[in-house]
Amino acid sequence: ATGTGVNDVLNRRNQKSIVSTSQPVIFVLGLNYETPRWGSNKFVKAAVGNWLVSGILRYASGMPIPVPGAQNNLATHILQGTRMNRVPGEPLFLKDLNCHCIDPNKELVLNPKAWSDPAAGEWGYSAAFYGDFRYQRRPSEQIGIGRIFRLRELLSVEIRGEWFNAFNRVVMPNPNAANPLQTPAYNALGVPTAGYGRIDATTVSGQRNGQIVARVRW
């Protein structure tokens with residue numbers, strides 16, 4: 001598939017790229033399990049049996065990070081921009097985005113040396129996206145448990161609890177991937193406030209949340 005935008009109108013062959021929504025691995029599991037009525041005691045059987053445990057679990061590759069746009073001002077001359085060139089042998093990341101070991105108050109995570117600007121007036125040769133240049137994976141896990149209590153033939157009460165981000169995963173915002181030539185900046189406490197690969201620590205999220213639902217049917 002062809003990536004978004006044209007990099008070099010005179011070299012169509014190097015425009016081939018994965019698409020911006022490419023996720024080569026996606027695993028989704030939907031489950032429902034009804035607990036059996038254990039034991040011989042009718043009170044125990046009534047208490048532990050017939051609870052319905054359900055969940056939707058989704059795991060997938062991270063989304064592709066766009067290759068940075070060139071800063072050589074080509075667009076001011078021909079009204080068509082281009083992309084930076086990928087530097088062979090340079091790692092794309094300073095930290096693995098999926099390592100669960102990033103401190104956004106101290107670290108930049110993308111390697112600016114992995115990209116170089118084309119010379120003035122020249123086209124870049126990079127594709128729009130690369131399969132090994134991806135944002136953090138973002139698992140989605142929702143779990144619920146509930147039961148229907150039948151009080152009479154035409155009267156029942158359903159109670160259900162639902163939890164989102166059930167395993168309380170920390171969700172990091174995407175790092176700044178716009179301009180590898182941007183000079184990093186830090187505040188008085190040493191926290192990054194600008195720069196290629198900066199993660200905005202003020203928008204880190206991920207608290208588990210849930211809700212309880214009760215429904216009466218008659």
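# Reading a predicted model, feature by feature

Modeller: Let's begin in the interior: the largest nonpolar core has 17 residues, and Ile-102, Val-109, Leu-110, Trp-115, Phe-133 and Tyr-196 are the ones that touch the most other members. A nonpolar core here is a set of buried Ala, Val, Leu, Ile, Met, Phe, Trp, Tyr and Cys residues joined through side-chain atoms within 4.5 Å. This is a predicted model, in which local features need pLDDT of at least 70 and side-chain atom pairs count only at pLDDT 80 or more, while totals for chains, interfaces and linings use all residues. Residues are numbered from 1 along each chain as its sequence is written, and side-chain values use heavy atoms, with hydrogens and water left out.

Biologist: Thanks! What is the general idea behind such a core, and which residues does Val-109 touch?

Modeller: In soluble globular proteins, nonpolar side chains tend to be buried together. As for Val-109, its contacts (heavy atoms within 4.5 Å) are Phe-93, Leu-94, Lys-95, Leu-97, Ile-102, Pro-175, Gly-197 and Ile-199, leaving out residues up to four places away in sequence.

Biologist: Now the sheet. In what order do the strands of the open sheet come?

Modeller: Strands of a sheet pair through backbone hydrogen bonds, either parallel or antiparallel. In this model 5 strands make an open sheet, ordered E1-E2-E5-E6-E9, with antiparallel pairing. Strands are DSSP runs of E with at least two residues, and helices are runs of H or I with at least four, numbered from the N terminus; two strands pair if DSSP finds at least two bridges between them.

Biologist: Which strands stand at the edges?

Modeller: Those are E1 (26-34) and E9 (209-217); each has a single partner strand, so one side of each has no neighbour in the sheet. On average, neighbouring strands of this sheet are turned by 10° against each other, direction ignored. For such angles, axes are lines fitted to C-alpha atoms, for helices over the stretch in contact, and angles run from 0 to 180 degrees between N-to-C directions.

Biologist: How many bridges join E1 to E2?

Modeller: There are 9 bridges between E1 and strand E2 (residues 52-60), and the two run antiparallel. You can follow the pairing residue by residue: Glu-34 is opposite Leu-52 in E2, and Asn-32 is opposite Ser-54 in E2. On to the next pair, E2 is joined to strand E5 (residues 140-152) by 7 bridges, again antiparallel, with Gly-55 opposite Ile-143 in E5.

Biologist: Let's try a loop residue. Is Asn-98 buried or exposed?

Modeller: The general scale is this: buried means under 20% relative accessible area, exposed over 50%, and partly exposed in between, with a 1.4 Å probe and protein chains only. Asn-98 has 19%, so it counts as buried. You will find Asn-98 in the loop between strand E3 (85-86) and strand E4 (115-116).

Biologist: What does the side chain of Asn-98 reach?

Modeller: A polar contact is a pair of N or O atoms within 3.5 Å; within protein, one must be able to donate a hydrogen and the other to accept it, and residues adjacent in sequence count only if both atoms are side-chain atoms. Here the side chain of Asn-98 reaches the backbone nitrogen of Arg-137 at 2.8 Å. Setting aside neighbours within four places in sequence, Asn-98 is in contact with Gln-136 and Arg-137.

Biologist: And where is Gln-136 placed?

Modeller: Gln-136 sits in the loop between E4 and E5 and is buried, at 13% relative accessibility. Its side chain makes a polar contact with the side chain of Arg-138 (3.5 Å). Beyond four places in sequence, Gln-136 is in contact with Gly-62, Leu-97, Asn-98, Val-170 and Met-172.

Biologist: Which cysteines does the disulfide join?

Modeller: A disulfide is a pair of cysteine sulfur atoms within 2.5 Å. The structure holds 1 disulfide, linking Cys-99 to Cys-101 with an S to S distance of 2.0 Å. The link is left-handed, with -100° about the S-S bond. Cys-99 is partly exposed at 25%, and Cys-101 is partly exposed at 42%.

Biologist: Last one: which value of phi does Asn-165 have?

Modeller: Asn-165 has a positive phi of about 50°, although it is not a glycine. Asn-165 lies in the loop between strand E6 (155-164) and strand E7 (185-186) and is buried at 17% relative accessibility. Asn-168 lies in the loop between E6 and E7, and its phi is also positive, near 55°; Asn-168 is partly exposed, at 39%.
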